[in-house]
Amino acid sequence: MTRIAIVGGHGQVARQLIHLLRRADHDPVALVRNEDYRADLEARGAEVRLLDIEHQGAADFADAFAGCEAVVFAAGGGPDGNIERKRTVDLEGSLKSIEGAQKAGIRRFVQVSAIGVDDPLPADTGAVWRAYVEAKRDADAALRASDLDWTIIRPGRLTDEPGTGRVALGPDVLRGDVARADVAAVVAAVLDVPTTIARQWNLVNGDVPVGEAVRVAG
Ligand SMILES: NC(=O)c1ccc[n+]([C@@H]2O[C@H](COP(=O)([O-])OP(=O)(O)OC[C@H]3O[C@@H](n4cnc5c(N)ncnc54)[C@H](OP(=O)(O)O)[C@@H]3O)[C@@H](O)[C@H]2O)c1
């Protein structure tokens, strides 16, 4: 059994991940900024710890990760159109999670990113989308450059469709939709598979069962 910290622990992917981690006999630790989430998350089987990504520093992240063997970064500024939060949550939240993991002596780190963020952006790209893509791009680059045992999962457009347990996963997978439930399933699966370390994959809906997709891609 492994204790796994989830940054952005009340997110839509995160809540489904909690369930899957419990089923796999792991101990999920949901890191959230809002005490009101506690009852819901505890009912799902998570330990809840408070962490405000924007207003706390790397040392606080390390404290929040205490006793954990892996970190999942599943937070995001969300679709509120706030450019500043792309930097403070999607980028700096990830950077502080990386530094916090290092301070806490945790090696395993799985990041939920987004598909295509290394592609050049057209000149007429809107400012909010540009800020989001660049935040994800830079967070991934920092994680790849770290000494952590990282895996980067880059989903296509997220949907709330029921998970199918079947995906397309790999470095060159083209854009498409993917169910949040299947993103959670892939994150849960890669945590346990050492051949996924130092790998970065796109993820969309597909035909290959999650376990097989992770084994083949790895
Ligand atoms: N939407 C898409 O189509 C798409 C596509 C590819 C990748 N992604 C990425 O996939 C990831 C997971 O998506 P999702 O739909 O599960 O995201 P989500 O439901 O928006 O969850 C993000 C979580 O981050 C938390 N957060 C934001 N600011 C915080 C702060 N200052 N302190 C603590 N927590 C904070 C939010 O908490 P609060 O509830 O307190 O705000 C929320 O629970 C995100 O990184 C997203 O960018 C999204």
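An N or O atom in the side chain of Arg180 is 2.8 Å from an oxygen atom of the ligand. The model is predicted. This briefing covers the ligand surroundings, Arg180, the largest pocket and Trp150.

**Ligand surroundings**

- There are 27 residues around the ligand, and those that come nearest are Arg33, Tyr37, Glu54, Ala75 and Lys136.
- Val13 places a backbone N or O atom 2.8 Å from an oxygen atom of the ligand.
- For Ile53, a backbone N or O atom lies 2.9 Å from a nitrogen atom of the ligand.
- Arg180 approaches the ligand through its side chain, with an N or O atom 2.8 Å from a ligand oxygen atom.

**Arg180**

- Arg180 belongs to helix 6, which covers residues 180-191.
- The relative accessibility of Arg180 is 14%, so Arg180 counts as buried, the cut-off for buried being under 20%.
- Apart from its neighbours within four places in sequence, Arg180 is in contact with Gln12, Val13 and Gln16, and also with Leu158, Thr159 and Asp160.
- Val13 thus appears twice here: among the contacts of Arg180, and with a backbone N or O atom 2.8 Å from a ligand oxygen atom.

**The largest pocket**

- The volume of the largest pocket is about 1200 Å³.
- Its lining is made up of 39 residues, and Ala75, Gly76, Gly77, Gly78 and Pro79 lie nearest the pocket centre.
- Three helices and two strands give two or more residues each to this lining: helix 1 (12-23), helix 4 (83-104) and helix 5 (127-145), together with strand 2 (27-32) and strand 7 (157-159).
- Sorted by class, the lining holds 18 nonpolar, 11 polar and 10 charged residues.
- Ala75 is one of the residues nearest the pocket centre, and Ala75 is also one of those that come nearest the ligand.

**Trp150**

- Trp150 is part of strand 6, residues 149-155.
- With a relative accessible area of 9%, Trp150 is buried, because buried means under 20%.
- Leaving out residues up to four places away in sequence, Trp150 touches Arg108 and Phe109, Leu143 and Arg144, and Thr196, Ile197, Ala198, Arg199 and Gln200.
- A polar atom of the Trp150 side chain lies 3.5 Å from the backbone oxygen of Arg144.
- Trp150 and Ala181 are 31 residues apart along the chain, and their C-alpha atoms are separated by 21 Å.

Note on methods
Residues numbered from 1 in each chain as written. Predicted model: local features only at pLDDT ≥ 70, side-chain atom pairs only at ≥ 80, totals over all residues. Heavy atoms only, no water. 1 Å grid on protein atoms, 1.4 Å probe; cavity = no way out; pocket = protein on both sides within 12 Å on 5 of 7 lines; lining within 4 Å. Points joined across faces, edges and corners; volume = space filled by probe spheres on them. Helix = DSSP H or I, 4+ residues; strand = E, 2+ residues; numbered from the N terminus. Nonpolar A, V, L, I, M, F, W, Y, C, P; charged D, E, K, R; others polar. Buried < 20%, exposed > 50% of the residue type's maximum accessible area, 1.4 Å probe, protein only. Contact = heavy atoms within 4.5 Å. Near = heavy atom within 4 Å. Polar contact = N/O pair within 3.5 Å; in protein donor to acceptor, adjacent residues only side chain to side chain.
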